[in-house]
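Trainee: Could you show me how to read a few features of a model?

Mentor: Gladly; let's open it together.

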Amino acid sequence: MFRTSWACRTCLYRLPRQVVWRQLRFQSTTSAGNISPALIARARSMTSEHSQLSKQLADAFESKTAKKIGELTPVVSALKDWDKANESLRELKTLIDDPSTDKELRDLATEDIEQSKGQLSRASQILASSLIPKHPFADLPCFLEVRPGIGGGEAAIFAGDLVKMFQAYCSKNGLNVAILKLETADGTSNLSLSGAGLTEAILEIDSPGAYGIFSCEAGVHRVQRVPATETKGRTHTSAASVIVLPSFPANGSEELDFNDPNSDFFVDPKDVRVDVMRASGAGGQHVNKTESAVRLTHIPTNTVAASQEQRSQARNKEQAWTMLRARIAQARREAREEEMVRLRRSVVGVAKTGRQDKIRTYNWNQQRVTDHRSGLSVHDLDDVIEGGDTLEKVMASVRAWMVDQEILGLVAEVESQK
Amino acid sequence: MPRISPSALRQARAISPLLPQLLRPCRELQSAQNELRWLREHAVKVASTKQWPQWHSYLQVLCRKRGKGVPLQYLLGSEYFGDLEIICKPGVLIPRPETAASVTFLVERLTEKGHQLPGELRVLDLCTGTGCIPLLFRHEFSRRSSTRLRLMGVDISRAAVELALQNQGRLETPPRVYTAFSFHQADVLSPNLSNPSASCPPLFEVLNDQGHMQWDILISNPPYISPQSFFRDTARSVRNFEPHLALVPPSSPIVPDEEKGDPFYPRLLEIAEKLNVKVVLFEVADLQQADRVAEMAQRGGIWKGIEIWRDEPSAPSHQNETGHVQFPTLGRGNGRSVFCWRDAAKSWLGAAARAA
């Protein structure tokens with residue numbers, strides 16, 4: 001081999017790369033056997049807050065406090081379980097380490113210790129997931145948008161398959177689904193009649209909690225199969241993108257209810273400073289100012305509304321209030337829309353609809369569905385495509401994975417605060 | 001008074017040729033623009049009813065008058081007092097927004113939740129002028145409470161009583177909420193002090209004629225500016241165009257200058273005692289006068305609680321504004337009114353009485 005007069009350097013460098021981990025598929029699930037001390041500290045502080053609030057509630061009932069307690073209770077009970085598991089494990093360990101323990105007891109303890117370890121890891125997982133604040137939109141209905149990605153006609157057909165899959169899933173799980181928009185490549189709006197596949201579909205899943213169920217579906221779904229359009233029997237890889245967005249309740253007449261704290265238009269009068277332009281100096285009978293301007297400042301957002309159109313100060317105040325309410329409502333709506341845009345971008349970035357950014361692969365040749373986030377592979381592809389229990393299994397695994405990710409994020413956040 | 005800078009005048013002229021003369025009474029461009037807009041609206045309205053041939057010539061006349069200092073309210077014929085539009089005419093004092101704030105605050109205090117009011121509330125307003133105080137009291141009170149009202153306004157000036165009656169007619173509401181509402185001409189100060197308008201009957205004579213010698217609430221915005229302060233502190237449009245009678249009380253030359261604004265208050269307190277009044281609210285010029293009036297009331301010995309209210313009594317009071325006054329002081333701004341109540345009115349005022 002060394003007799004070769006020369007060897008291409010580039011080829012030499014490339015040589016080791018051929019063995020690169022091509023066949024390996026990583027799983028990203030974490031086994032949360034051990035829980036970060038930062039999280040434990042957080043749970044402890046929440047528990048002390050809980051007991052404090054309980055005392056307050058015993059003195060005087062207040063719905064806000066009661067709600068807060070309701071939010072904290074899962075953490076408290078999870079921490080109690082974790083403490084218990086920890087305690088029993090420690091007892092067993094001391095029993096084993098103690099030289100005075102007789103052999104029979106020690107054997108029993110060794111048997112039990114495995115069980116306790118399992119209990120502890122389960123308790124840790126429950127504790128960690130109870131610490132995650134619930135997603136603010138989890139209870140809302142959602143919109144599901146499906147569009148074909150790379151792969152031309154095959155991608156369009158696969159996108160249509162996905163829409164059918166989601167529809168079937170919804171009907172099997174008792175969720176109300178409505179088609180808001182459905183466009184096929186040949187212009188018909190009926191998916192089952194069209195052979196050309198889909199260009200865009202928007203489904204509205206009008207059941208509370210739908211966003212929590214479907215948020216794990218957002219991303220690029222990849223398909224590997226011999227398409228119907230293929231004449232030479234080659235396997236193609238195509239993709240379709242799914243976007244999941246929360247659907248906010250329609251703000252119709254209820255928007256105008258200023259006293260409803262959930263309304264966009266609700267402004268707490270306590271948060272507003274009223275400035276009336278009054279005569280400086282003596283005032284009263286001494287002067288006769290005609291100024292009737294009123295300025296309102298919403299202190300938390302620093303929003304200002306002023307009116308000086310009318311001669312009547314009372315009317316100016318009314319006008320200023322109307323303006324202030326509209327401005328604050330507008331700002332709130334904008335913030336919400338910004339959050340939507342952020343969600344949309346995080347789901348499908350501008351250049352992130354390629355095959356390599358997939359979240360899940362549907363492989364027809366192997367009858368396999370693999371989710372690349374949870375690492376779960378199932379081999380009942382037909383049931384998945386029909387929206388059956390296997391799809392639910394895959395989705396559940398992804399939801400568990402998302403919880404794990406949240407825990408990791410939470411740990412990072414808590415530790416960075418220190 | 002500082003001169004208006006030529007640049008401000010130039011700026012005003014660039015917006016409208018009528019604006020510079022309005023700048024003289026208004027001092028600020030923004031408020032001059034507001035006044036010009038209101039005057040224009042008024043001129044167009046008057047011209048449309050054929051009282052004047054051309055609206056812009058009428059607007060020029062109005063602006064010229066306003067530039068000389070005639071109060072805007074006399075030109076437009078009305079002023080807003082709380083929610084109400086009150087007719088104003090030369091010869092009668094223009095209602096001030098601070099008075100409206102005090103009256104509204106009084107009504108709010110009386111109608112707070114859980115307060116026990118008598119079956120009928122009798123309200124007497126002395127030196128009523130345009131009648132704005134009883135009118136606003138009725139308007140605000142009937143919105144919040146179903147207690148019946150008996151209202152009376154008294155003024156020494158014939159023109160004022162006529163205008164008050166006119167305002168009452170314009171703002172008439174169904175008589176469900178009050179049993180009686182009247183305005184009378186009477187002299188509040190006699191027989192204690194001699195005054196030039198001897199043609200006017202004394203207050204007690206009028207009340208006796210009407211058969212109402214018992215009242216629950218006494219409100220008054222009497223003349224309270226001392227002659228010295230009248231020449232020194234009042235605005236030109238007030239000094240030159242509003243009635244001297246409504247601003248400066250008659251006073252004897254022997255009292256010190258700063259107390260020459262006070263002669264109405266001892267008399268008002270005396271009237272309150274005679275009429276068995278439970279709650280009084282007097283408007284005053286500033287914190288010093290408020291202090292003097294509150295001390296007079298304290299010397300009387302019949303008042304259970306004495307408070308001083310500022311321009312905006314409902315606003316949270318600043319810590320740094322209280323201090324040198326020995327009475328509880330509420331709100332924000334200049335000292336504006338003195339509020340006293342008797343033991344019998346404790347249940348009307350509820351929480352306020354408990355705090356004091």
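Trainee: What should the 23 residues of helix α2 of chain A span at 1.5 Å a residue, and how far apart are its end C-alpha atoms?

Mentor: A word on conventions: this is a predicted model, where local features need pLDDT of at least 70 and side-chain atom pairs pLDDT 80 or more, while totals for chains, interfaces and linings use all residues. Residues are numbered from 1 along each chain as its sequence is written, chains are lettered from A and ligands numbered from 1 in the order written, and side-chain values use heavy atoms, without hydrogens and water. Helices (H or I, at least four residues) and strands (E, at least two) are DSSP runs numbered from the N terminus, and the expected span of a helix is 1.5 Å times one less than its number of residues. For α2 (residues 37–59) of chain A that gives 33 Å, and the end C-alpha atoms are 34 Å apart, which agrees.

Trainee: Which residues of α2(A) are buried?

Mentor: An α-helix has 3.6 residues a turn, so residues three or four places apart point the same way. Buried means under 20% relative accessible area, exposed over 50%, partly exposed in between (1.4 Å probe, protein chains only). In α2(A) the buried ones are A:A38, A:L39, A:I40, A:A43, A:M46, A:H50 and A:L53.

Trainee: How many cavities of 30 Å³ or more are there?

Mentor: Rolling a probe the size of a water molecule over the atoms shows where empty space is left. On a 1 Å grid over the protein atoms alone, a cavity is a set of points where a 1.4 Å probe fits but cannot get out; lining residues have an atom within 4 Å of a point. Points are joined across faces, edges and corners, and a volume is the space filled by probe spheres set on them. The count here is two, and the second largest has a volume of about 50 Å³. Elements giving two or more residues to its lining are α6 (97–110), β6 (217–220) and β7 (279–283) of chain B.

Trainee: What does the side chain of B:Q289 reach at 2.8 Å?

Mentor: A polar contact is a pair of N or O atoms within 3.5 Å; within protein, one must be able to donate a hydrogen and the other to accept it, and residues adjacent in sequence count only if both atoms are side-chain atoms. B:Q289, in helix α14 (residues 287–300) of chain B, reaches the backbone nitrogen of B:A285. A polar atom of its side chain also lies 3.2 Å from the backbone oxygen of B:G261. At 2% relative accessibility, B:Q289 counts as buried.

Note on methods
1 Å grid on protein atoms, 1.4 Å probe; cavity = no way out; pocket = protein on both sides within 12 Å on 5 of 7 lines; lining within 4 Å.
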